[in-house]
Amino acid sequence: MTGIGWTILVLLCVHYGVERLADLFNLRATSPEVPRAFVPWYAPERYARSQAYLKSTTGLAMVAASIELAILVIFWLGRGFSFLDRWVSGLGFSPIVSGLIFIGVLVGARTFLSLPFSIYSTFVIEERFGFNRTTWPLFLSDRIKGLFLALLLGVPLLTGALWFFENLGKTAWLGCWFGFCLVVLVLQVVVPAWILPLFNRFAPLEPGDLKRAVLACALAAGFPVQTVYVMDGSKRSAKSNAFFAGLGRHRRLVLFDTLIENHPVSEVVAVVAHEIGHYKKRHLQRQTLAAMGQAGVMFFLLSTAVAWPELFAAFYVSTVSVYGGLVFFSILYGPVAAVLGLPVYALSRHHEFQADAFAVKITGDGPALADALKRLSADNMANLTPHPFYVILHYSHPPVIDRIQAIEKKQGQ
């Protein structure tokens with residue numbers, strides 16, 4: 001193996017080691033006693049069950065990550081990339097078609113290998129802890145729809161990227177970056193309007209006290225929404241959530257049906273006010289710009305990798321190709337992306353505090369928001385005492401106890 005190869009292998013192992021260390025820290029940070037703020041919401045038995053859920057999901061993630069890394073290293077050192085490249089080249093297609101086949105085989109293999117873990121997570125762990133409501137027909141339907149969307153969206157985008165790097169030389173990364181930014185903006189409209197309805201049913205919130213309270217809250221906050229949607233999240237899971245997506249007339253404020261079923265009106269309104277806070281504070285725009293900036297760095301680095309012979313030699317491939325450069329760079333970029341993602345996670349956590357403060361200000365009912373967070377945490381078996389290191393690496397939301405303390409402080413001002 002070349003020096004570059006050893007460097008990449010060490011980076012992958014260090015990244016793997018840091019992630020597993022964070023998992024172990026997170027497991028050790030669990031407290032045997034229910035935090036004081038959650039005593040009314042968590043019976044000791046239920047709290048113990050939530051910690052068992054954390055151990056099960058973490059254990060599965062650790063096993064999956066270990067197997068994935070082992071398969072990658074075995075395939076790499078066994079010269080699997082070289083064999084696949086020679087086979088694809090021997091088919092005699094154009095560089096773009098060859099690239100689609102090369103990348104398609106690798107993505108397909110990875111998807112197939114991850115399928116058992118997805119099945120185990122859904123039908124064993126989620127079932128054991130009372131969350132799963134997904135049937136086998138629904139599970140298969142979701143996978144088929146996901147494959148269809150991957151082909152419909154992924155193939156044209158990958159074709160465009162291959163074309164840019166095949167034909168535009170040093171300026172290719174700018175074209176890819178511009179195309180990425182355009183796609184991100186288009187998806188803001190396309191996803192809530194056309195893609196999400198492929199997987200779930202969205203119905204307007206029915207008239208009643210809840211609708212009046214939600215629309216009154218939106219009006220007080222200056223939020224331009226005419227319809228609040230209810231999503232049938234219960235057909236897959238018992239977990240509750242709410243989210244805000246879309247732009248312009250495609251903007252959607254969506255409540256899970258489980259949220260409406262499990263929470264009183266005051267708590268649902270508080271959650272809605274929190275989501276409106278994201279809109280009023282322009283969090284979606286800021287996070288989109290952050291993602292675009294991160295993508296710009298990635299495409300610039302990619303432009304140096306697609307024609308770097310030493311990178312190909314590290315993977316035992318003798319012929320330099322754009323599609324090979326894309327794959328090998330993605331392997332090298334994994335640990336780099338984890339580091340670049342840290343400020344994005346930190347920004348997202350800051351936004352959550354801001355949205356909570358906005359909700360308290362608009363509703364004047366901090367206890368309702370705090371109670372909603374407590375109930376959501378209990379119902380979803382959230383980890384109440386995550387380790388700070390794990391939070392830095394993975395949390396887009398602050399730990400719920402930190403959020404409750406901030407809400408109480410804001411309410412007292």
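This passage looks at three residues in a predicted model: two arginines in loops between helices and one glutamate within a helix.

Start with the backbone at Arg79. Phi comes out positive here, at about 65°, even though Arg79 is not a glycine. As for where it sits, Arg79 belongs to the loop that links helix H2 (44–77) with helix H3 (80–90). Its relative accessible area works out at 45%, so Arg79 falls in the partly exposed class, which runs between the 20% and 50% cut-offs.

Arg282 also has a positive phi without being a glycine, this time near 60°. Its setting is again a loop between two helices, with helix H9 (265–280) on one side and helix H10 (283–305) on the other. Arg282 has a relative accessible area of 53%; because exposed means over 50%, Arg282 counts as exposed.

Glu166 brings us to a helix, namely H5, which covers residues 136–167. Is this glutamate buried, exposed or partly exposed? With a relative accessibility of 33%, Glu166 is partly exposed, since that value lies between the 20% and 50% limits. Leaving aside residues up to four places away in sequence, Glu166 makes contact with Pro95, Ile96 and Val322. As for Arg110, its C-alpha atom lies 26 Å from that of Glu166, and the two residues are 56 positions apart along the chain.

Key: Residues numbered from 1 in each chain as written. Predicted model: local features only at pLDDT ≥ 70, side-chain atom pairs only at ≥ 80, totals over all residues. Heavy atoms only, no water. Helix = DSSP H or I, 4+ residues; strand = E, 2+ residues; numbered from the N terminus. Buried < 20%, exposed > 50% of the residue type's maximum accessible area, 1.4 Å probe, protein only. Contact = heavy atoms within 4.5 Å.
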